[in-house]
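This briefing covers chain symmetry, the nonpolar core and the DNA contacts of the entry shown below. Please read it alongside the sequence and coordinates.

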Protein chains: 2
Amino acid sequence: MKSTFEELSNELKKKKIRLSHQRLKVLEYLTLHLCHPTVEQIYVDLQKEVPTLSKTTIYNTLSSLIESGLVRVITIEDHETRYDIRTENHGHFKCESCGEIYDFNVDIDSLQSVDLNNFKINDKNVYFKGICPRCLLSINKIK
Amino acid sequence: MKSTFEELSNELKKKKIRLSHQRLKVLEYLTLHLCHPTVEQIYVDLQKEVPTLSKTTIYNTLSSLIESGLVRVITIEDHETRYDIRTENHGHFKCESCGEIYDFNVDIDSLQSVDLNNFKINDKNVYFKGICPRCLLSINKIK
DNA sequence: TTTTTACTTTGTAATCGTTACAGATTAATT
DNA sequence: AATTAATCTGTAACGATTACAAAGTAAAAA
């Protein structure tokens with residue numbers, strides 16, 4: 001995982017994305033917050049450091065980062081698009097009680113289907129829903 | 001797959017969902033159109049048969065059907081929620097060229113992760129993205 | 001069958017996330 | 001330092017979904 005400003009800059013240069021303060025800040029934010037933030041969360045937090053930052057810029061930035069493959073979209077619920085800088089294959093678990101999204105390791109590459117023999121597969125996604133251990137505990141306490 | 005009006009009625013009764021003309025029509029539509037329609041598609045098509053049908057009703061109906069487990073939500077892209085009456089486990093493939101969504105058989109149940117040992121899993125989803133055979137063909141013809 | 005009751009439907013208005021757009025700004029090049 | 005082309009900003013527009021209240025209807029009770 002790249003984390004210093006300089007390393008992030010190099011990542012962008014490699015992908016031929018023009019460097020800008022805002023882009024670097026968004027990228028940095030994503031490396032520091034692996035909790036799959038929404039645009040709203042990124043916006044609220046980054047505004048403290050970059051008061052002039054606009055939401056449109058975050059959308060634009062995320063678009064280029066996604067297009068270049070540096071960032072990944074997580075769509076589990078409609079109207080709650082989330083972003084993840086961890087592009088290696090892993091699954092996502094969304095707790096239906098607290099809403100938190102957990103990463104988990106799972107062998108996605110081994111998922112195959114004869115039905116897709118003639119398809120070109122670019123992207124594989126796996127997500128589960130249920131209740132996380134913390135919420136299970138508090139539910140049991142109430143009972 | 002249930003398909004006659006009577007069978008669909010029984011499904012609803014079993015789930016203690018009150019029967020209404022609109023609900024049966026939406027249910028019937030879903031059994032006849034396994035192409036993962038959006039609310040918009042359901043609305044436009046069903047209005048031909050039920051001119052007074054309102055979009056809000058479709059949203060309401062789908063909510064109860066989902067809650068009762070008769071219908072499943074497919075969220076692959078944000079702002080494009082789709083619905084599927086096939087609730088048995090299967091994967092979805094979305095073609096990034098034509099937008100079509102294909103079903104495929106895949107052993108979702110075997111997907112396991114030690115990271116989720118203490119989690120209660122209610123729902124497992126798998127979706128791939130890429131290019132479907134038809135689009136691959138036409139792309140090659142152009143080249 | 002009629003009456004009652006609670007649920008459902010409808011249409012409009014409100015909401016919220018996202019995108020479009022145009023003028024101001026800025027990174028990179030000359 | 002000047003130029004150029006891409007980026008940023010703020011506002012307005014858009015589209016999907018939800019909220020709400022009045023009208024209508026299915027099912028249960030009389």
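Which atom of DNA strand D does a polar side-chain atom of Thr56(A) lie 3.3 Å from? The partner is a base oxygen of DNA strand D. The model is predicted, and the points below are grouped by topic.

**Surface near DNA strand D**
- DNA strand D is surrounded by 18 residues, and the closest are Ser20(A), Gln22(A), Arg23(A), Thr57(A) and Tyr59(B).
- By class, this surface holds 11 polar, 4 charged and 3 nonpolar residues.
- Sugar or phosphate accounts for 75% of the atoms of DNA strand D within 4 Å of the protein, and bases account for the rest.

**Polar contacts and contributing elements**
- A polar backbone atom of Ser54(A) is 3.2 Å from a phosphate oxygen of DNA strand D.
- In the side chain of Asp78(A), an N or O atom is 3.2 Å from a phosphate oxygen of DNA strand D.
- Two or more residues of the surface near DNA strand D come from each of helix H2 (21–32) and helix H4 (55–67) of chain A, and helix H4 (55–67) of chain B.
- H4(A) gives the largest share, 3 residues.

**Relation of the chains**
- A turn of 180 degrees with a shift of 0.0 Å along the axis lays chain B on chain A with an RMSD of 0.0 Å.
- That is the relation of a two-fold axis.
- The copies meet through the same surface, because 100% of the interface residues of chain B are also interface residues in chain A.

**Nonpolar core**
- The largest nonpolar core has 28 residues, and Phe93(A), Val126(A), Phe93(B) and Val126(B) have the most contacts inside it.
- Strands E3 (91–95), E4 (101–104) and E5 (120–131) of chain A and of chain B each supply at least two residues of this core.

How values were computed:
Residues numbered from 1 in each chain as written. Chains lettered and ligands numbered in written order. Predicted model: local features only at pLDDT ≥ 70, side-chain atom pairs only at ≥ 80, totals over all residues. Heavy atoms only, no water. Least-squares fit on C-alpha atoms with pLDDT ≥ 70 in both. Contact = heavy atoms within 4.5 Å. Core = buried A, V, L, I, M, F, W, Y, C linked by side-chain atoms within 4.5 Å. Buried < 20%, exposed > 50% of the residue type's maximum accessible area, 1.4 Å probe, protein only. Helix = DSSP H or I, 4+ residues; strand = E, 2+ residues; numbered from the N terminus. Near = heavy atom within 4 Å. Polar contact = N/O pair within 3.5 Å; in protein donor to acceptor, adjacent residues only side chain to side chain. Nonpolar A, V, L, I, M, F, W, Y, C, P; charged D, E, K, R; others polar.
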